[in-house]
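Visitor: I would like to go through this structure step by step, with the reasoning laid out before each answer. Could you take my questions in turn?

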2 protein chains.
Amino acid sequence: MNSMTAARSTSPADRPQLGLRERKKIKTREAIRDATYALIKEQGYDATTIDQIAERAEVSPSTVFRYFPTKEDIVLTDEYDPILMEELRARPADEPWPQTVRHVMREAVRTGIEEDPEVARIRTRLLVDVPAVRSRMMESMSVTGRMFATAISERTGLDPDSLEVRVYTMSLIGGLMETSMFWAEHGHRGDFPDLLDRALDILQNGLPVQNR
Amino acid sequence: MNSMTAARSTSPADRPQLGLRERKKIKTREAIRDATYALIKEQGYDATTIDQIAERAEVSPSTVFRYFPTKEDIVLTDEYDPILMEELRARPADEPWPQTVRHVMREAVRTGIEEDPEVARIRTRLLVDVPAVRSRMMESMSVTGRMFATAISERTGLDPDSLEVRVYTMSLIGGLMETSMFWAEHGHRGDFPDLLDRALDILQNGLPVQNR
DNA sequence: CCATGAAATGAGAGTAGCTCTCAAAAGATG
DNA sequence: CATCTTTTGAGAGCTACTCTCATTTCATGG
């Protein structure tokens, strides 16, 4: 889901029959990411330059850009979308859609946080503190949004490119984003999945006021 | 509303008692903006550099940055938020909230397009074509979102900083954004306000499916 | 009308993200 | 082991953006 809920790198163990080349690539990716997180923790995001990251990861700056198109991507990129999609398809076809969304998002977020709570927290903090990261996140989120649109289309037969479906998925994405920020702004207190539930309630039922 | 619906510059006539200094500042602002739009129309956004803009506007590059913090802002900035806020407050206090939103947004968008249809179209196109502009727009939109949150709070007594209100306003903003992009992607065909109505329907009632 | 203070401007140097090119190094393959 | 392919590093180059400082331009009170 391209989000604060990263699928962390597959552990070294479960890469058996990969060639040396592939294994090195994975290691480089991890080295860059780890270096970045470490430096950010020490000096903050803006003060951390690509050159520093390259140096600590023991690669050249060119290589950093070869692995990640932008600095923000180092912090944001994950490979969650396919997993999310899979889980989406695994739900019974006759399950009411809102319930599916709830389940899938909740599950994704929960898994992500469990994988590496530290990273989840740093990410959401960056989301709040660094506008560039926030923006980039939005972009990558909209990719996830397209995926949701596809899933909705498969379920309901609605046109995934229609204004209706697009607005709907956008609101989901936006809600998830806002919830992440809310969580971070409040010192990561409370259970994220619970917050998500509240957010989805709003999206489903509107604000809790008399004259809605 | 910090959006594709700019309040265009006040016409030279209605700036009576301003000092020469202030009048010059306004003129410079306009010169920069006009130069930018012209250049973008000729060569596209990315190909247009700050130096070119400065040259055509007959100011120094430093001055460009003195007036606009980023290149994207030259294209996006407007002074619509206060107007929107005013219109928001002008609505009867007992009007159902969704109706207020509908009216206010519709009105704002309509006015914006009428002011300068050309600019409205260029902006929405940039929104689709240039990720950086899209991101920046989202940022400025969230400011508008805070404004809505304040208005909602005044109306309903809900905490503007609560997760609920934030998620709700975010979905409004996102919907508006998505609608703008939809409009541009479809060659600006159809009536924008009508599209907005459809978008708001979705946000209010969810997707038009059986099992929602 | 001019002198003094304040604000706006221009010139220029500097930083950092990002792109591109090309030659060297390292893994894959028969 | 030789050859082919992929990955890497070095470095030049572009552009958005920041900062500083001297110069110009407007405002104001005498």
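Guide: Before the first question, a definition: helices are DSSP runs of H or I with at least four residues, numbered from the N terminus. The model shown here is a predicted one.

Visitor: Which helix gives the most to the surface near DNA strand C?

Guide: Three helices each supply at least two residues of the surface near DNA strand C, namely α1 (20-43) of chain A together with α1 (20-43) and α3 (61-67) of chain B. With four residues, the one that gives the most to this surface is α3(B).

Visitor: What percentage of the atoms of DNA strand C that come within 4 Å of the protein do sugar and phosphate account for?

Guide: Around DNA strand C there are 20 residues, of which A:Leu20, A:Lys71, B:Lys25, B:Ser60 and B:Thr63 come nearest. Among the atoms of DNA strand C that come within 4 Å of the protein, the share that belongs to sugar and phosphate is 58%.

Visitor: Which residue has a side-chain N or O atom 2.9 Å from a base oxygen of DNA strand C?

Guide: Some contacts with this strand go from the protein backbone to phosphate: a backbone N or O atom of A:Lys71 lies 2.7 Å from a phosphate oxygen of DNA strand C, and for a backbone N or O atom of B:Ser60 the distance to a phosphate oxygen of that strand is 2.9 Å. The residue whose side chain places an N or O atom 2.9 Å from a base oxygen of DNA strand C is B:Arg66.

Visitor: Turning to the other strand, which helix gives the most to the surface near DNA strand D?

Guide: DNA strand D is surrounded by 20 residues, and the closest are A:Lys25, A:Thr63, B:Arg21, B:Lys24 and B:Lys71. At least two residues of the surface near this strand come from each of α1 and α3 (61-67) of chain A and α1 of chain B. The helix that gives the most, with four residues, is α3(A).

Visitor: How far is a polar side-chain atom of A:Arg66 from a base oxygen of DNA strand D?

Guide: On the phosphate side, a backbone N or O atom of A:Ser60 lies 3.0 Å from a phosphate oxygen of DNA strand D, while a polar side-chain atom of A:Thr63 lies 2.3 Å from a phosphate oxygen of the strand. For A:Arg66, the contact runs from a polar side-chain atom to a base oxygen of DNA strand D, at a distance of 3.0 Å.

Visitor: What relation do chain A and chain B have to each other?

Guide: In general, two copies of a chain are related by a rotation about an axis and a shift along it. Here a turn of 180° and a shift of 0.0 Å along the axis lay chain A on chain B with an RMSD of 0.1 Å. The relation is therefore that of a two-fold axis.

Visitor: Why can one say that the copies meet through the same surface?

Guide: The contact takes 42 residues from chain A and 42 residues from chain B. The copies meet through the same surface because the share of interface residues of chain A that are also interface residues in chain B is 100%.

Visitor: About how much area do chain A and chain B bury between them?

Guide: The size of an interface is often given as the accessible area lost when the parts come together. Of the area that chain A and chain B bury between them, 65% is on carbon and sulfur atoms, and the total is about 3500 Å². On the side of chain A, 20% of the area buried against chain B is supplied by three residues, more than by any other three, and these are A:Leu163, A:Arg166 and A:Leu207.

Visitor: How many residues does α9(A) give to the side of chain A that touches chain B?

Guide: Across the interface of chain A and chain B there are eight salt bridges, and one salt bridge joins the side chains of B:Arg198 and A:Glu164 (2.9 Å, N to O). Two or more residues of the side of chain A that touches chain B come from each of α6 (97-115), α8 (131-156), α9 (163-185) and α10 (192-205) of chain A. The element that gives the most is α9(A), and its residues there number 16.

How values were computed. Residues are numbered from 1 along each chain as its sequence is written. Chains are lettered from A and ligands numbered from 1 in the order in which they are written. This is a predicted model: local features need pLDDT of at least 70, side-chain atom pairs count only at pLDDT 80 or more; totals for chains, interfaces and linings use all residues. Side-chain values use heavy atoms; hydrogens and water are left out. A residue is near a molecule or strand if one of its heavy atoms lies within 4 Å of it. A polar contact is a pair of N or O atoms within 3.5 Å; within protein, one must be able to donate a hydrogen and the other to accept it, and residues adjacent in sequence count only if both atoms are side-chain atoms. Copies are superposed by least squares on the C-alpha atoms of residues with pLDDT of at least 70 in both. Contact means heavy atoms within 4.5 Å. Buried area is the accessible area (1.4 Å probe) that two parts lose on being put together, summed over both. A salt bridge is a side-chain nitrogen of Lys or Arg within 4 Å of a carboxyl oxygen of Asp or Glu.
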